[in-house]
Amino acid sequence: MQYLIQLLVSGLAVGAIYGLIAMGFAVIYKSTGLVNFAQGEMTMITAYIAWTISTTVSGNVVVVALGAILAAVVLGLVIERLVMRPMLGEPVFATVMVTIGLAVILRSSINFIWDAYPHGLDIGVGRTIVRIGGVGVRTGQIAVIVTLLILLAAIWAFFRYSKIGVAMRAVAADDRTALLMGISATRVHAMAWAASSVIAGIGGVFFALSYDLSPAMFQLGLKAFPATILGGLDAVLGSGLGGLLIGITENLAGGYVGSGMKEVAGFAMIIVVLMIRPFGIFGERDIERV
């Protein structure tokens, strides 16, 4: 029983990381109608910047957190302005191919700017193990689960009640009509890319804090994408919850079936779900979802 609880807790923790990155996918899709295949690489870049800051101001958690968030905002805005904005009005396939090319460039930049060796992100917190019901849990794992829940509530309120959130949904539904109503599509796209970069970047920092920082971190995007599909590309909250489901499923499969199944459990799950609900568990056609 204790082994099962340990698998569930660690599955929730890694699932929360998947959920944050999946929410980044969903924010961009819900606001722009685009799938960003460079999400994992953007997550990795933010984590590396956080590590760089931590080596400069050792132990200053606030500076590392604020610096990482600021860097994620700048990264998202720069990508939107220099790479994605010129693609406005172009075919969706061409735009998606641009994000794939961007992913390759960002992935290669790690070796040029930093190195190819793994590093540990040590900011003085997050690695302490506490006992909850006889199960050992790192404080960083607790923090990432709490962070996901807070962001789920905040994003739900943002899209539901704020003018900017409503504008993002309007642009995604019909950018030309939104433009006629005085909504700036370019501004909405910029905010969406910045928000997506921050949310996914937070997930990347938590991953580096709990595990290791390495050039292989881009695979987090591949791990999180099934969570987005599972929850629904147009459902930001569903993507976050989908991350939790994927994390738990992977851990249970790895713990009881075999370590090899851990890598494919998430993808097997979305195949089954999509055969039943093609738009994901929380995504629905012709219905606005948050």
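## Helices and the annotated regions

Helices (H or I, at least four residues) and strands (E, at least two) are runs assigned by DSSP and numbered from the N terminus. With that definition in hand, the span of residues 140-159 can be described as 100% helix and 0% strand, with its end C-alpha atoms 28 Å apart. Over residues 229-252, the chain is 83% helix and 0% strand, and the end C-alpha atoms lie 20 Å apart.

Both spans appear in the UniProt record, an unreviewed entry, which places the feature "transmembrane region" at residues 7-29, 49-79, 91-114, 140-159, 190-209, 229-252 and 264-282. UniProt positions are given here in the numbering used for this structure, the feature names are shortened, and such annotations may be inferred rather than shown by experiment.

## How the model is read

This is a predicted model, in which local features need pLDDT of at least 70 and side-chain atom pairs count only at pLDDT 80 or more, while totals for chains, interfaces and linings use all residues. Residues are numbered from 1 along each chain as its sequence is written, and side-chain values use heavy atoms, with hydrogens and water left out.

## The nonpolar core

A nonpolar core is a set of buried Ala, Val, Leu, Ile, Met, Phe, Trp, Tyr and Cys residues joined through side-chain atoms within 4.5 Å. Here buried means under 20% relative accessible area, exposed means over 50%, and partly exposed lies in between, with a 1.4 Å probe and protein chains only. The largest such core holds 69 residues, and among these Met23 and Ile79 touch the most other members. Helix α1, which covers residues 2-32, gives the most to this core, with 13 residues.

Contact means heavy atoms within 4.5 Å. When residues up to four places away in sequence are not counted, methionine 23 touches Leu148, Leu151, Leu152, Ile155, Ile199, Val236, Ser239 and Gly240.

## Serine 10 in helix α1

Serine 10 is also found in helix α1, and it counts as buried because its relative accessibility is 18%. Its side chain is joined to that of asparagine 251 by a polar contact of 2.5 Å. A polar contact is a pair of N or O atoms within 3.5 Å; within protein, one must be able to donate a hydrogen and the other to accept it, and residues adjacent in sequence count only if both atoms are side-chain atoms. Leaving aside residues up to four places away in sequence, serine 10 touches Gln141 and Asn251.

## Helices α3 and α8

The expected span of a helix is 1.5 Å times one less than its number of residues. For the 24 residues of helix α3 (residues 61-84) this gives 34 Å, which agrees with the 33 Å between the end C-alpha atoms. In α3, the buried residues are Val64, Gly67, Ala68, Ala71, Ala72, Leu75, Gly76, Ile79, Glu80 and Met84, and what covers them includes α2 (39-56), α4 (92-113) and α8 (185-210).

Helix α8 itself has 26 residues, which should span 38 Å, and its end C-alpha atoms are 38 Å apart, so the expected and modelled values agree. This helix is mostly covered, with 21 of its 26 residues buried.

## Three salt bridges

A salt bridge is a side-chain nitrogen of Lys or Arg within 4 Å of a carboxyl oxygen of Asp or Glu, and a search of the whole structure finds three of them. One joins the side chains of arginine 107 and glutamate 41, at 2.8 Å from N to O. This pair links distant parts of the chain, since arginine 107 is in helix α4 and glutamate 41 in helix α2, 66 residues apart. Arginine 107 is partly exposed, with a relative accessible area of 32%, whereas glutamate 41 counts as buried at 2%.

Another salt bridge is formed by arginine 85 and glutamate 80, whose closest N and O atoms are 3.0 Å apart. Arginine 85 is partly exposed at 25% relative accessible area, while glutamate 80 is buried at 2%. Lysine 223 and glutamate 250 also meet in a salt bridge, at 3.7 Å from N to O. Lysine 223 lies in helix α9 (residues 219-231) and glutamate 250 in helix α10 (residues 236-256), so the pair ties together parts that are 27 residues apart in sequence. Both lysine 223 and glutamate 250 are buried.
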